[in-house]
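Dear colleague,

Please find below the structure that I am handing over to you. My findings are set out after it.

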Amino acid sequence: MQLQLSGQQIEVTPALRDHVSGKIDRLTRLDEKLIGLAVVLAVDKLQQRASGTLTTTGATLHAEAAEADMYASIDVLFDKLVDQLRKHRQKVSNKHQRQAREERQYG
C-alpha cells in the first residue's frame with residue numbers, strides 16, 4: 001500500500017511519520033487489498049487537523065478529525081477510517097453472500 005503524508009503549514013517530523021505508519025497496521029488487518037492512503041496534516045489557530053483518503057478496491061473512503069493535539073487527531077482519524085472500512089467490507093461480503101444464495105436457490 002502506498003502512503004502519502006503531507007503537511008499544510010506544518011513540518012512532518014519523523015515522529016509524526018512513525019505515528020501514522022504505526023497506525024496503518026490496523027487498516028491492513030481488515031483488508032489486504034488496500035491501494036493507497038493519503039494523509040494531510042494541517043494546523044489552524046488552535047486546532048490540529050488530520051484528514052485522510054483511503055483508496056481500496058471498489059471504494060474511496062475519506063475522514064477528517066480535528067483535536068487540540070496532532071497525535072490525538074491522527075488517532076481519531078484512523079478510528080474513523082477503520083469504522084468506514086469495516087462497514088464497507090461488511091457491505092461487500094453481504095452482497096456476495098446474497099448473490100451466491102440466489103444462484104443456489106434459482107440455479
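The notes that follow concern the nonpolar core, a strand pairing and one buried residue.

Please bear in mind that this is a predicted model.

The largest nonpolar core has 22 residues, and those touching the most other members are Leu27, Leu37, Leu41, Leu54, Ile74 and Leu81. Two or more core residues come from each of helix 1 (14–30), strand 2 (34–43), strand 3 (48–56), strand 4 (59–67) and helix 2 (70–106). The greatest contribution is that of helix 2, which gives seven residues.

Leu37 may serve as an example. Beyond its neighbours within four places in sequence, Leu37 contacts Met1, Gln2, Leu3, Gln4, Ile24, Leu27, Thr53, Leu54, Phe78 and Leu81.

Turning to the strands, strand 3 and strand 4 run antiparallel and are joined by nine bridges. Ser51 is placed opposite Glu64 of strand 4. Two residues lie between the strands of this hairpin, in which Gly58 adopts a positive phi near 95°.

Finally, I would draw your attention to Asp31, located in the loop between helix 1 and strand 2. Asp31 counts as buried because its relative accessibility is 3%, against a cut-off of under 20%. Its side chain reaches the backbone nitrogen of Lys33 at 3.1 Å. The side chains of Asp31 and Thr56 are also joined, by a polar contact of 3.1 Å. With neighbours within four places in sequence left aside, the contacts of Asp31 are Thr56, Leu85 and Arg89.

With kind regards

Notes
Residues numbered from 1 in each chain as written. Predicted model: local features only at pLDDT ≥ 70, side-chain atom pairs only at ≥ 80, totals over all residues. Heavy atoms only, no water. Core = buried A, V, L, I, M, F, W, Y, C linked by side-chain atoms within 4.5 Å. Buried < 20%, exposed > 50% of the residue type's maximum accessible area, 1.4 Å probe, protein only. Helix = DSSP H or I, 4+ residues; strand = E, 2+ residues; numbered from the N terminus. Contact = heavy atoms within 4.5 Å. Pairing = 2+ DSSP bridges. Polar contact = N/O pair within 3.5 Å; in protein donor to acceptor, adjacent residues only side chain to side chain.
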